[in-house]
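User: I would like to learn how to read helix packing and strand pairing from a model. Please take one case of each.

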Amino acid sequence: PKIVSIIGARPQFIKHSPVALALQSKFDSITIHTGQHFDQNMSQVFFEELKMPKPTYMLNIGKASQHGAQTAIMLQEIENILIRESPDVVLVYGDTNSTLAGALAAAKLNIPIVHIEAGLRSFNREMPEEVNRVLTDHLSKLLFAPTSSAIANLANEGIKEGVYRVGDVMCDSLNLMKPFLEKKLNESYYFVTLHRPYNTDEKDRLVYILGILNGLSKKVVFPIHPRTQNNLKKWMIDLDTFDNIIFIPPVGYEACLSYQTFADYIITDSGGIQKEAYMLKKPCITIRKETEWVETLDGGCNMLVFEELESLRSILENDEAKEFKDLYGDGHAAEAIVAIIEEFVIGEKALAKA
Ligand code: UDP
């Protein structure tokens, strides 16, 4: 059987790596990289580190900055490839424009869609990711929901068939990298990432956050996402004035997990990093009003702070031991997913023959 997987953004390269491995022996496995993230340190580094084969198709969506235009160009190009390749299924991940474009292209051609990381909801439709997720879920035949709340969200929207919970592929990815993690700094520090528009697209907000981080009692290691970097540059913000923050370019996956593993605390607005913090048993503060990963909030393992960031300091300094559970599976989600897809494709082929 033939499968086309669509990836395009940093977290998708990471999620795809264990799945690509599991697909290898069972499927004719084709990959489309939409080019949504294309810098060396946002894309290529992950293929190298995770030893993933080069994408079969590399699209160049250019730097279309508007979400609609970006999605439209991807839709058109993915459709052409799907017509040429005629796969049995199309696989998409998460919630980016590449996810939605892939799902739409497949839906128009009546090719069954598999969605990994289905059912996540922030219930904030102002986030482009939320729109991408909801639409993709409603177009999908097989939905791999990583958490019980994701299953419940799907059920609330009337989606009950084809829903599976077999763990989270990010746990698989993390396990693959675990043997290689190492301490990068000798002093104690907090690890920070920020890239959501509501934290980085307004100058006052971003400067306010940096000011808070700069006033913390431990050093802050901060790999800057290109989006955040572009804004800092545009507003000519002098990073030297924040001398408590160690600004670095985006790091590879091993480095990102290593920094998290040895940090005293993680502060982020990333979806994936909230989860990784939890899997690594590190307490996390999420600079957002809501989260899709609600289970991480139990027992204060992850805390949402958005308006009153002054409270960060007291949270960090009055930290108590937290209890982390086993939420994301045993690191074998990818194999289970591939087995279910295979069974599904065999079933579809039998139906078509009958
Ligand atoms: N990540 C990385 N280098 C970085 C920042 C993040 O390798 O400099 C990894 C991180 O370990 C996680 C994923 O990228 O696996 C999270 O992606 P991101 O924060 O870009 O997106 P989100 O998860 O919010 O969709």
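Analyst: The turns below take a helix pair and then a strand. The model is predicted.

User: What describes two packed helices?

Analyst: Two packed helices are described by the angle between their axes and by the distance between those axes. Here, helix α1 (residues 10-24) and helix α2 (residues 40-49) have axes that come within 9 Å and cross at roughly 15 degrees. Angles under 35 degrees count as roughly parallel, so α1 and α2 are roughly parallel to each other. Their crossing is right-handed.

User: Which residues in α1 and α2 meet?

Analyst: From α1 there are R10, F13 and I14, and they meet M42, S43, F46 and F47 of α2. By class, the residues of this contact are 5 nonpolar, 1 polar and 1 charged.

User: Now the strand. Is β8 largely enclosed or exposed, and why?

Analyst: Strand β8 covers residues 189-193, and 5 of its 5 residues are buried, so it is largely enclosed by the rest of the structure. The cut-off for buried is 20 or more other C-beta atoms within 10 Å of the residue's own. Y189, F191 and T193 point one way from β8, while Y190 and V192 point the other way, and all are buried.

User: Which strands does β8 pair with, and over how many bridges?

Analyst: One partner is strand β9 (residues 219-223), which runs parallel to β8 and is joined to it by 3 bridges. Within that pairing, Y189 has K219 as its bridge partner. Strand β11 (residues 265-268) also pairs with β8 in the parallel sense, over 4 bridges. There, the bridge partner of V192 is I267.

Notes
Residues are numbered from 1 along each chain as its sequence is written. This is a predicted model: local features need pLDDT of at least 70, side-chain atom pairs count only at pLDDT 80 or more; totals for chains, interfaces and linings use all residues. Axes are lines fitted to C-alpha atoms, for helices over the stretch in contact, and angles run from 0 to 180 degrees between N-to-C directions. Helices (H or I, at least four residues) and strands (E, at least two) are DSSP runs, numbered from the N terminus. Angles under 35 degrees count as roughly parallel, over 145 as roughly antiparallel, 65 to 115 as roughly perpendicular and the rest as oblique. A crossing is left-handed if the near helix is turned anticlockwise from the far one by less than a right angle, and right-handed if clockwise. Two residues are in contact if their C-beta atoms, placed from the backbone, lie within 7 Å. Ala, Val, Leu, Ile, Met, Phe, Trp, Tyr, Cys and Pro count as nonpolar, Asp, Glu, Lys and Arg as charged, and the others, Gly among them, as polar. A residue is buried if 20 or more other C-beta atoms lie within 10 Å of its own, exposed if 12 or fewer, and partly exposed in between; C-beta atoms are placed from the backbone. Two strands pair if DSSP finds at least two bridges between them.
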